[in-house]
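Please open the structure in the viewer and keep the sequence panel visible. The tour proceeds by selection, with a short account of what is found at each stop.

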Amino acid sequence: MRRSDRSAQVAAIDLGATSGRVMLADISPGRLELEQVARFGNDPVHLFDGRRTALHWDVPGLFREACAGLAEAGRRSDDLVGIGIDSWAVDYALLRDGRMLGLPHHYRDDRTAAGVKAVHAELDPADLYVRNGLQFLPFTTVYQLAAEKRDGLLDHADSALLIPDLLAYWLTGRRGTERTNASTTGLLGINGQWDTAMMERLNLPVGLFPEIVETGSDLGSLLPEVTDRLGLADAPHVTAVASHDTASAVAAIPMDSSSAAYISCGTWGLVGVELESPNVSRAGWKANFTNEVGADGRIRYLHNVMGLWLLSETVRHYQRDGYRADLSELLAQAADVTPAFDVFDTDDARFLPPGDMPGRIRDWYTERGMRPPMTLPEMVRAIIESLAAAFADTVQRAATLSGKTVQTVHLVGGGSQNRLLCQLTADRLGLPVLAGPVEATALGNVLITARAHDLIDGDLEAMRHIVADRFPPQHYVPRRTHVPPRRDAVGAGKA
């Protein structure tokens, strides 16, 4: 229910691992229109550091593009009242006296292996899970900080900011750590407070990250110099939205969380269910399920699947070799591949770094005496089949671990446009898959900002009703005659 009859606009800075954009939402009684006003690449930067070439994020470049998008949003608005920022999780910038100390490392940089070793030498992984509730990912912030400690980089820093918080600081001058993203660092205890005892045990500086800021909080207006530079007549306020992009996406999924699972599918596939409180059972630890905070204090109980990174990196490899691939044509060709390929393990660590993805996938098959995909359509079909199998297995594990009876699966994000992926996922699950909205992350972002500005009212379910009315999903019904390729080579229940 709407509190105000006025019309206004809010903007979302939405930074993904491969691209970013600025979206403008026009909100008035009974109306929600979403428009993309800027889109830009997010390409990592390789820099030699005296010992090796490391992978970094070009955060100043992202900020420049985001500001250009905000300026364009201002030109298209008559009442731009709010801005929200979301991005991928775990990565951060080190600062001293408010100034950034070098470009943030990219989570796919290989430095984190030493950090994992250092942390696990002090804390047993099972005990760590009970403390923070997170699945094991080698690039989680706590491991990255341990690597920074080893390299001596923490000695120069007095603070750190996660990526959305860094951009908010540059816009407003206020520092804080938004809760949903804080919950991905490994440093936030299951009780919702910074685990200072763990930081001390790992010899990490207590107080490196600033105070927790609750989702929906007002971070203040744009700095006067920023407002002038962007050519805005007034200074809109920045809202601390669910700044982990998956948290914003899940907030906008038009689901009944009592009987639905979700797949937020982009570079990563985040697959799980929504809970009222964390589940840190030993079974959940063994299955490598995570407990991350969502909007309105919900818990996103999920597992990370490699996602469309496998497909985009494969297509990128062929393009580097001069192949001009149209993705829609490739997916149509992949759908016609007969017989369909046996699936591979999308969670294999070899697929995490950038590089020759097709070669690694072929190696996975060859090592097991299986026929590898050779043509590009065969490779695409193998990837889509394998992702669908991973999604289905993870939904089934989420249901078992949480005790929920899943009757519907919602697939949102860029993957919801992939008809082959949606249909194969429904086939493997034997459940209907509801695809969309594509722009779930931006919608969650703008709705939380709109609620903070009294443009809409209600709880998370009310926001989801708005999305369902404005962006009805597409239904995929399982084909009972479909026989999925075998999965024994991966192993049921593998996390």
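**The annotated domain**

Begin by selecting residues 261–452, the range that the UniProt annotation, from an unreviewed entry, assigns to "domain: Carbohydrate kinase FGGY C-terminal". Please bear in mind throughout that the model is predicted. Over residues 261–452, helix accounts for 46% of the chain and strand for 16%. The C-alpha atoms at the two ends of this range lie 27 Å apart.

**A pair of packed helices**

Next, select helix α11, residues 309–320, together with helix α14, residues 376–402. Two packed helices are described by the angle between their axes and by the distance between those axes. For α11 and α14 the angle is about 170° and the axes are 10 Å apart. Angles over 145 degrees count as roughly antiparallel, and α11 is therefore roughly antiparallel to α14. The crossing of α11 past α14 is right-handed.

Now display the side chains at this contact. Which residues of α11 meet α14? They are L310, L311, T314 and Y318, and their partners in α14 are L376, M379, V380, I383, I384 and L387. Sorted by class, the contact of α11 with α14 comprises 9 nonpolar residues, 1 polar residue and no charged residues.

**An enclosed helix**

Move to helix α5, residues 163–172. Of its 10 residues, 9 are buried, so α5 is largely enclosed by the rest of the structure. The buried residues are I163, P164, D165, L166, L167, A168, Y169, L171 and T172. Then select G173, which follows α5 and has a positive phi, near 85°.

**A buried glutamate**

Select E148, which is located in helix α4, residues 141–151. Is E148 buried or exposed? Its relative accessibility is 3%, and a residue under 20% is classed as buried, so E148 counts as buried. To see the surroundings of E148, display Y92, L94, H105, R111, L153 and L154. E148 touches each of these residues, with those up to four places away in sequence left out of the count.

**An exposed arginine**

For the final stop, select R480, in the segment after β20 (474–476). The relative accessibility of R480 is 70%; the cut-off for exposed is over 50%, so R480 counts as exposed. To finish, add T394 to the selection and draw a distance from C-alpha to C-alpha: R480 and T394 are 21 Å apart in space and 86 residues apart in sequence.

Technical notes. Residues numbered from 1 in each chain as written. Predicted model: local features only at pLDDT ≥ 70, side-chain atom pairs only at ≥ 80, totals over all residues. Heavy atoms only, no water. UniProt positions renumbered as here; feature names shortened; annotations may be inferred. Helix = DSSP H or I, 4+ residues; strand = E, 2+ residues; numbered from the N terminus. Buried < 20%, exposed > 50% of the residue type's maximum accessible area, 1.4 Å probe, protein only. Axes fitted to C-alpha atoms, helices over the stretch in contact; angles between N-to-C directions. Parallel < 35°, antiparallel > 145°, perpendicular 65-115°, else oblique. Left-handed = near helix turned anticlockwise from the far one by under 90°. Contact = heavy atoms within 4.5 Å. Nonpolar A, V, L, I, M, F, W, Y, C, P; charged D, E, K, R; others polar.
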